[in-house]
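Thank you all for coming. I would like to walk slowly through one protein chain with you, so please keep the picture in view while I talk.

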Amino acid sequence: MATLTAPAGHPAAGSSIEVFAYLVRNAGPTILVDTGMGDGNAFLDDLYRANRTSLDTALAGAGATRADIDIVVNSHLHFDHCGNNRLFSGTPVYIQSREYEVARTPHYTVESWIAPEGVLVREIDGDREIARGITLLFAPGHTPGHQSLAIETPSGLAIIGAQVAYTAAEFEAGGDPAEAHDGIADNYYASIRRLKSLRPVRAP
Ligand SMILES: [Zn+2]
């Protein structure tokens with residue numbers, strides 16, 4: 001979806017940050033997990049030297065269009081995960097209540113990107129099955145209200161961890177001390193442990 005460069009003061013200053021979104025098909029409703037970074041914020045574009053792929057282009061690469069999306073999930077509400085919610089007017093957007101609450105505090109995100117007019121926010125508290133065999137899993141750590149998605153497939157459970165860990169290797173290892181800074185460490189390790197305990201055949 002985009003490549004950002006972490007600015008000075010960021011824990012990963014100077015390195016590239018890849019922004020992902022995930023498309024779930026053939027499991028019932030078509031679900032988009034995260035909507036990438038929004039447009040029109042010159043400050044963030046400049047600060048993060050954003051190099052983005054449009055959501056439409058990314059979807060086309062997967063053989064899909066916006067009209068195919070039945071459900072949107074925001075793993076969390078940092079600006080690079082909810083920035084194109086506005087494109088899904090009339091489509092339910094699932095967000096953890098805890099995340100929605102913290103996202104309204106100053107400097108957390110671009111608040112206006114979360115729920116512009118027409119966006120149907122569905123607040124969730126904890127785990128919730130949102131369609132047959134498709135369950136949101138409360139997985140705090142990276143943020144206080146982060147969530148992941150579990151999908152029952154014919155070959156076993158698939159989990160879209162989103163940012164429960166930055167990389168698959170980090171998830172496999174059970175976490176990375178570099179990510180487990182003060183204030184998030186307990187939840188971060190516990191969420192990875194919990195998702196791993198579900199024994200997914202594919203994760204994150
Ligand atoms: Zn984030």
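Let me begin at one residue, Val-73, which, leaving aside residues up to four places away in sequence, touches Ile-31, Val-33, Tyr-94, Leu-136 and Leu-149. Before I go on, please keep in mind that what you see is a predicted model.

Val-73 belongs to a wider group, for the largest nonpolar core has 44 residues, and among these Val-33, Val-73 and Leu-149 touch the most other members. The elements that each give two or more residues to this core are strand 4, at 31-33, strand 6, at 71-73, strand 7, at 92-96, strand 10, at 134-138, strands 11 and 12, and helix 5, at 185-197. Which of the elements gives the largest share of this core? That is strand 10, with four residues. As background for those of you who are new to this, nonpolar side chains in soluble globular proteins tend to be buried together.

Now let me step back to the chain as a whole, which has five helices and 12 strands. The C-alpha trace spans about 45 × 40 × 30 Å along its principal axes. For 204 residues, a compact globule would have a radius of gyration near 17 Å, and because this chain has 16 Å, the two agree. Buried residues make up 38% of the 204 residues, and of the contacts with a separation of 6 or more, 59% are between residues 24 or more positions apart.

Next come the sheets, and a general reminder may help here: strands of a sheet pair through backbone hydrogen bonds, either parallel or antiparallel.

One open sheet has five strands in the order 3-4-6-7-8, and its pairing is mixed. Its edge strands are strand 3, at 22-24, and strand 8, at 120-124, each of which pairs on one side only. On average, and ignoring direction, neighbouring strands of this sheet are turned by 25° against each other. To look at one pair within it, strands 7 and 8 run in the parallel sense over five bridges, and Val-93 has Val-121 in strand 8 as its bridge partner.

Another open sheet has four strands in the order 9-10-11-12, with antiparallel pairing. Here the edge strands, each pairing on one side only, are strand 9, at 128-131, and strand 12. Neighbouring strands of this sheet are turned by 30° against each other on average, again with direction ignored.

If we follow this sheet from one edge to the other, we start with strands 9 and 10, which run antiparallel and are joined by three bridges, with Glu-129 standing opposite Thr-135 in strand 10. These two strands form a hairpin with two residues between them, and in the turn Gly-133 has a positive phi of about 80°.

Strand 10 then pairs with strand 11 in the antiparallel sense over five bridges, where the partner of Phe-138 in strand 11 is Gln-147. Is strand 10 largely enclosed or exposed? Four of its five residues are buried, so strand 10 is largely enclosed by the rest of the structure.

At the far side, five bridges join strand 11, residues 147-153, to strand 12, residues 156-160, and this pair is antiparallel as well. In strand 12, the partner of Leu-149 is Ile-160, while the partner of Glu-152 is Leu-157. Strands 11 and 12 also form a hairpin, with two residues between them.

I would like to finish with a residue in a loop, namely Ala-50, which lies between helix 1, at 42-48, and strand 5, at 51-52. Why does Ala-50 count as buried? The cut-off is 20 or more other C-beta atoms within 10 Å of the residue's own, and Ala-50 is buried because it has 22 of them within that distance. Not counting residues up to four places away in sequence, Ala-50 touches Ala-2, Leu-4, Met-37, Leu-44 and Asp-45. Ala-50 and Ala-67, by comparison, are 17 residues apart in sequence and lie 26 Å apart in space, taken from C-alpha to C-alpha.

Definitions and conventions:
Residues numbered from 1 in each chain as written. Predicted model: local features only at pLDDT ≥ 70, side-chain atom pairs only at ≥ 80, totals over all residues. Pairing = 2+ DSSP bridges. Axes fitted to C-alpha atoms, helices over the stretch in contact; angles between N-to-C directions. Core = buried A, V, L, I, M, F, W, Y, C linked by C-beta atoms within 7 Å. Buried ≥ 20, exposed ≤ 12 C-beta atoms within 10 Å, placed from the backbone. Contact = placed C-beta atoms within 7 Å. Rg over C-alpha atoms; globule rule 2.2 N^0.38 Å.
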